[in-house]
Amino acid sequence: MKKIIIVLAAMAASMTAFAQNRPVHDWAYTDKYFDVRNSLEAAPQAIFYGDSITECWGQADMDFFKEHGWLELGVSGMTTCQLLCRFRTDVINLHPKYVVILCGTNDIAQNIGPIEIETAMGNIISMAELAKANKIKPILCSITPCDIYKWNEAIGNPSRKIIKFNNLIKDYCKANRIPYVDYHSALDNGEGGMIAEYTKDHCHLTLEGYKVMEKIIVPFIK
């Protein structure tokens with residue numbers, strides 16, 4: 001009986017979403033920004049695309065995005081493969097001039113399981129290639145510093161993996177003439193972690209940290 005109730009509840013949710021002409025919630029969270037996408041009257045100049053670092057940026061300082069006419073479409077917890085899956089929905093179909101891609105830390109944190117950083121880098125490369133193929137200019141960002149993931153402390157200090165991942169991003173950008181935004185150097189405490197006043201949990205940023213990032217990114221978008 002319990003299984004039957006669960007199935008019926010899932011069917012009811014799906015039917016409701018269909019009736020509202022909204023997609024059923026999926027692994028890549030393509031429904032999260034359904035209302036935002038449908039309220040746009042013109043293509044945004046830039047879309048900031050990523051995980052919680054990006055989503056929390058919008059929550060901490062939405063005026064920054066409104067001031068410039070840029071769109072923040074981050075989804076907390078997302079890995080590079082999930083971001084790749086929703087790239088068409090939340091980037092390509094919206095026709096921005098730029099897409100600012102900031103991701104990778106959740107792959108290192110093993111949010112959906114272990115993954116080689118080279119594989120995660122491949123997902124970022126695929127997003128950059130898709131952007132260019134659709135006449136969107138990709139801007140790739142360094143992963144921000146972190147020395148402990150509070151939600152998965154068992155994996156230990158991730159700072160060296162972050163630096164290794166950032167070097168892969170930087171090298172790819174240099175080889176393919178793609179702008180590379182180095183947030184890491186400005187936020188690093190010298191030991192691979194984030195400067196204390198810029199973070200609230202060793203990973204996610206305070207408003208002060210985002211203000212540092214804002215000064216860095218603005219010159220890249222013209």
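Let me begin with the sheet. Five strands form an open sheet, with the strands in the order 2-1-3-4-5, and the pairing is parallel. At the edges are strand 2, residues 71–74, and strand 5, residues 180–181, and each of these pairs on one side only. As general background, strands of a sheet pair through backbone hydrogen bonds, and the pairing can be parallel or antiparallel. What you have on the screen is a predicted model, so please keep that in mind throughout.

Now the chain as a whole. How many helices and strands does the protein chain have? There are eleven helices and five strands. The chain has 222 residues, and 48% of them count as buried. The protein chain exposes about 11,400 Å², and carbon and sulfur atoms supply 55% of that area. One more figure concerns contacts between residues at least 6 apart in sequence: 73% of them join residues at least 24 apart.

Back to the sheet, and to strand 3. Strand 3 covers residues 98–102. On one side, strand 3 pairs with strand 1 in the parallel sense, over five bridges. Strand 1 is residues 46–50. If you want one position to look at in that pairing, Tyr49 stands opposite Ile101 in strand 3.

Strand 3 also pairs with strand 4, residues 137–141. These two run parallel as well, and four bridges join them. Here there are two positions to point at. Tyr98 stands opposite Lys137 in strand 4, and Val99 stands opposite Pro138 in strand 4.

Is strand 3 enclosed or open to the outside? Five of the five residues of strand 3 are buried, so the strand is largely enclosed by the rest of the structure. Both of its faces are covered. Tyr98, Val100 and Leu102 are on one side, Val99 and Ile101 are on the other, and all are buried. Buried here means under 20% relative accessible area.

Which helix lies across strands 1, 2 and 3? That is helix 3, residues 52–60. Helix 3 runs at about 135 degrees to strand 2.

Just after that helix comes a residue I want to show you, Asp61. Asp61 is in the loop between helix 3 and helix 4, the latter being residues 62–68. Asp61 is buried, with a relative accessible area of 10%, which is under the 20% cut-off. What does Asp61 touch, apart from its neighbours within four places in sequence? Asp61 is in contact with Leu207, Lys211 and Glu214.

Next, empty space inside the model. In general, rolling a probe the size of a water molecule over the atoms shows where empty space is left. The count comes to one cavity of 30 Å³ or more. The largest cavity has a volume of about 40 Å³. Which residues line it? They are Asp51, Ile53, Leu102, Cys103, Gly104, Thr105, Ile143 and Thr144. You have met Leu102 already, as one of the buried residues of strand 3.

Ile143, from that lining, also brings us to helix 9. Helix 9 is residues 159–176, and Ile163 lies in it. Ile163 and Ile143 are 20 residues apart along the chain, and their C-alpha atoms are separated by 8.1 Å. At 38% relative accessibility, Ile163 counts as partly exposed.

A second pair is Ala154 and Ala109. They are 45 residues apart in sequence, and 9.6 Å apart in space, C-alpha to C-alpha. Ala154 is in the loop between strand 4 and helix 9. Ala154 is exposed, with a relative accessible area of 76%.

Last, two backbone angles. His95 has a positive phi of about 55 degrees, although it is not a glycine. His95 is found in the loop between helix 6, residues 87–90, and strand 3. Is His95 buried or exposed? His95 is exposed, at 58% relative accessible area.

Arg177 also has a positive phi, of about 55 degrees, and is not a glycine either. Arg177 lies in the loop between helix 9 and strand 5. Arg177 is exposed, with a relative accessible area of 83%.

That is the tour.

Key
Residues are numbered from 1 along each chain as its sequence is written. This is a predicted model: local features need pLDDT of at least 70, side-chain atom pairs count only at pLDDT 80 or more; totals for chains, interfaces and linings use all residues. Side-chain values use heavy atoms; hydrogens and water are left out. Buried means under 20% relative accessible area, exposed over 50%, partly exposed in between (1.4 Å probe, protein chains only). Contact means heavy atoms within 4.5 Å. Accessible areas come from the Shrake-Rupley method with a 1.4 Å probe; for residues, only the protein chains shown count as cover. Two strands pair if DSSP finds at least two bridges between them. Axes are lines fitted to C-alpha atoms, for helices over the stretch in contact, and angles run from 0 to 180 degrees between N-to-C directions. On a 1 Å grid over the protein atoms alone, a cavity is a set of points where a 1.4 Å probe fits but cannot get out, and a pocket is an open set with protein on both sides within 12 Å along at least five of seven lines; lining residues have an atom within 4 Å of a point. Grid points are joined across faces, edges and corners, and a volume is the space filled by probe spheres set on the points.
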